[in-house]
Amino acid sequence: MEVELNGRELLVSPDGEIWIKNKKGIYTLCPNVDNCNGYNKIFCRNRRYRRHRIVAWVYLGLDIHDMKQLIDHKDGDRLNNNMDNLRIVNATQNNMNRKGVKGYYLRPSGRWIARLAVYKHHYNLGTYDNMEDARLAYMTAKLILHIIDNKSIDDINKYLIYNNEDFSN
């Protein structure tokens with residue numbers, strides 16, 4: 001799809017490829033390489049844009065200048081900018097994909113605790129004898145809450161109660 005961004009004509013494909021029209025009217029493919037913390041930036045008239053934000057702007061309706069609107073790469077690969085791999089999220093939803101944050105930990109008693117925080121609401125998922133069970137409880141709860149994203153905390157609580165999940169505070 002042809003678009004204009006900051007005075008430059010771009011050709012953006014759904015698979016994440018972007019071509020920029022040069023002064024001679026010829027489109028040149030922008031290489032998709034990591035040049036910014038795992039992301040790819042494209043320059044349009046002295047302004048830098050991340051490739052995934054351009055694709056989301058063209059195909060998902062993202063407001064490209066609203067930095068509070070974030071883009072989630074569903075598969076976690078920052079260079080996979082296929083429109084089917086992108087979704088518009090808020091900060092809480094985007095943090096659900098962070099690496100290195102487990103949601104379960106070992107207590108001094110030797111028992112494992114599993115916890116999850118969503119929209120500033122904390123869920124105690126229980127105590128477990130081993131790390132595998134605590135991780136399973138955390139990953140299951142994370143999956144449930146991730147699937148029903150864009151819901152209010154009341155909707156999440158109704159879902160958990162309806163499905164007999166006991167994730168009490």
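In the predicted model, the side chain of N40 comes within reach of the backbone oxygen of P31, at a distance of 3.3 Å. A polar contact also links this side chain to another one: the side chains of N40 and R51 are joined at 2.8 Å. Both partners, P31 and R51, recur among the residues that N40 touches, a list that leaves out residues up to four places away in sequence. The other members of this list are N32, V33, N35, Y49, R50 and L79.

With respect to secondary structure, N40 lies in a loop, namely the one that runs between β4 (27–29) and β5 (41–44). The relative accessibility of N40 is 2%, and this residue is therefore classed as buried, the cut-off for that class being under 20%.

Strand β4, which precedes the loop of N40, also belongs to an open sheet of four strands. The strands of this sheet follow the order β1-β2-β3-β4, and their pairing is antiparallel. Because β1 (2–5) and β4 each have a single partner strand, they form the edges, and one side of each is left without a neighbour in the sheet. On average, neighbouring strands of the sheet are turned by 35° against each other, with direction ignored.

In general, the strands of a sheet pair through backbone hydrogen bonds, in either a parallel or an antiparallel manner. At the β1 edge, the pairing with strand β2 (residues 8–12) is antiparallel and extends over four bridges. Within this pair of strands, L5 has R8 of β2 as its bridge partner.

Definitions and conventions. Residues are numbered from 1 along each chain as its sequence is written. This is a predicted model: local features need pLDDT of at least 70, side-chain atom pairs count only at pLDDT 80 or more; totals for chains, interfaces and linings use all residues. Side-chain values use heavy atoms; hydrogens and water are left out. Helices (H or I, at least four residues) and strands (E, at least two) are DSSP runs, numbered from the N terminus. Buried means under 20% relative accessible area, exposed over 50%, partly exposed in between (1.4 Å probe, protein chains only). A polar contact is a pair of N or O atoms within 3.5 Å; within protein, one must be able to donate a hydrogen and the other to accept it, and residues adjacent in sequence count only if both atoms are side-chain atoms. Contact means heavy atoms within 4.5 Å. Two strands pair if DSSP finds at least two bridges between them. Axes are lines fitted to C-alpha atoms, for helices over the stretch in contact, and angles run from 0 to 180 degrees between N-to-C directions.
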